[in-house]
Amino acid sequence: MAVCGLKAIVLAACALAAAGKVQLRHSSHKVSDEALHVGNPLEFKHQIRVCNAFPDMGALDIYLGAKCLTGELPMAYKSCRDFAAPLKSGDTLEFRLGDKSKGTFSVADLPNSDGVLLLVIHRH
């Protein structure tokens with residue numbers, strides 16, 4: 001709705017300028033051709049913050065598909081870690097203690113802004 005209103009204002013200003021009622025001036029601010037290119041989709045920075053609240057002696061591994069996000073250092077109980085994994089809709093994170101799966105999280109949708117997804121893994 002706001003975009004339609006903005007378009008209406010711009011069209012009205014152009015119509016008034018054409019009728020000689022308003023003078024439009026160029027700004028000294030230059031916009032690059034790259035910034036005007038509509039074909040480039042906006043990319044947002046989505047970060048994952050995982051906290052291990054699963055009371056177990058073993059450490060927690062996190063998998064995004066076949067990739068182990070925790071690498072060589074599984075997450076101990078009461079620890080948190082940030083991951084800069086590129087998420088997309090439909091991705092599934094799996095949480096494992098040793099070779100046993102303790103749960104999954106499926107990404108349904110992502111926000112159209114930068115953000116941090118906080119996941120706290122706990123026993124229910």
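# Exercises on a predicted fold

An open sheet of four strands runs in the order S3-S2-S5-S6, with antiparallel pairing. Its edge strands are strand S3 (67-68) and strand S6 (100-106), each pairing on one side only. Two strands pair if DSSP finds at least two bridges between them. Helices (H or I, at least four residues) and strands (E, at least two) are DSSP runs, numbered from the N terminus.

This is a predicted model: local features need pLDDT of at least 70, side-chain atom pairs count only at pLDDT 80 or more, and totals for chains, interfaces and linings use all residues. Residues are numbered from 1 along each chain as its sequence is written, and side-chain values use heavy atoms, with hydrogens and water left out.

## Exercise 1. Lay out the chain

Task: State the pattern of helices and strands along the protein chain.

Solution.
- Step 1. Count the elements: the protein chain has two helices and seven strands.
- Step 2. Read along the sequence: the pattern is α-α-β-β-β-β-β-β-β.
- Step 3. Check burial (under 20% relative accessible area is buried, over 50% exposed, partly exposed in between; 1.4 Å probe, protein chains only). Of the 124 residues of the protein chain, 20% count as buried.
- Step 4. Check contacts (heavy atoms within 4.5 Å). Among contacts in the protein chain with a separation of 6 or more, 58% join residues 24 or more positions apart.

## Exercise 2. Place strand S1

Task: Which strands pair with S1, and in what sense?

Solution.
- Step 1. Take S7: S1 and S7 pair in the parallel sense over eight bridges. Here Val50 stands opposite Leu119 in S7.
- Step 2. Take S4: S1 and S4 pair in the antiparallel sense, over four bridges. Arg49 stands opposite Asp82 in S4.
- Step 3. Look at burial: six of the eight residues of S1 are buried, so S1 is largely enclosed by the rest of the structure.

## Exercise 3. Find the core

Task: Which residues touch the most other members of the largest nonpolar core?

Solution.
- Step 1. Apply the rule: a nonpolar core is a set of buried Ala, Val, Leu, Ile, Met, Phe, Trp, Tyr and Cys residues joined through side-chain atoms within 4.5 Å.
- Step 2. Pick the hubs: of the 17 residues in this core, Ile48, Val50, Ile62, Leu93 and Phe95 touch the most other members.
- Step 3. Name the sources: strand S1 (46-53), strand S2 (60-64), strand S5 (92-97) and strand S7 (115-122) each supply at least two residues of the core.
- Step 4. Follow Ile62 in strand S2. At 0% relative accessibility, Ile62 counts as buried. Beyond four places in sequence, its contacts include Val50, Met75, Phe83, Leu93 and Phe95. Ile62 and Glu94 are 32 residues apart along the chain, yet their C-alpha atoms are separated by 5.7 Å.
- Step 5. Follow Leu93. Beyond four places in sequence, Leu93 touches residues including Ile48, Ile62, Phe105 and Leu119.

## Exercise 4. Account for Asn52

Task: Is Asn52 buried or exposed, and what does its side chain reach?

Solution.
- Step 1. Locate Asn52: the residue is in strand S1.
- Step 2. Read the accessibility: at 2%, Asn52 counts as buried.
- Step 3. Look for polar contacts. These are pairs of N or O atoms within 3.5 Å; within protein, one must be able to donate a hydrogen and the other to accept it, and residues adjacent in sequence count only if both atoms are side-chain atoms. A polar side-chain atom of Asn52 lies 3.0 Å from the backbone oxygen of Met75. The side chain also reaches the backbone oxygen of Ala76, at 3.3 Å.
- Step 4. Turn to Lys78, one of the residues that Asn52 touches. Lys78 is in the loop between S3 and strand S4 (80-83). Lys78 is exposed, with a relative accessible area of 69%. Its phi is positive, about 70°, although Lys78 is not a glycine.

## Exercise 5. Inspect the rings

Task: Which charged residues sit over aromatic rings?

Solution.
- Step 1. Apply the cut-offs: NZ of Lys or CZ of Arg must be within 6 Å of the ring centre and within 35 degrees of the ring normal.
- Step 2. Take Tyr63: Arg96 lies over its face, at 3.9 Å from the ring centre.
- Step 3. Take Phe54: the charged end of Arg123 sits over its ring, 4.8 Å from the centre.
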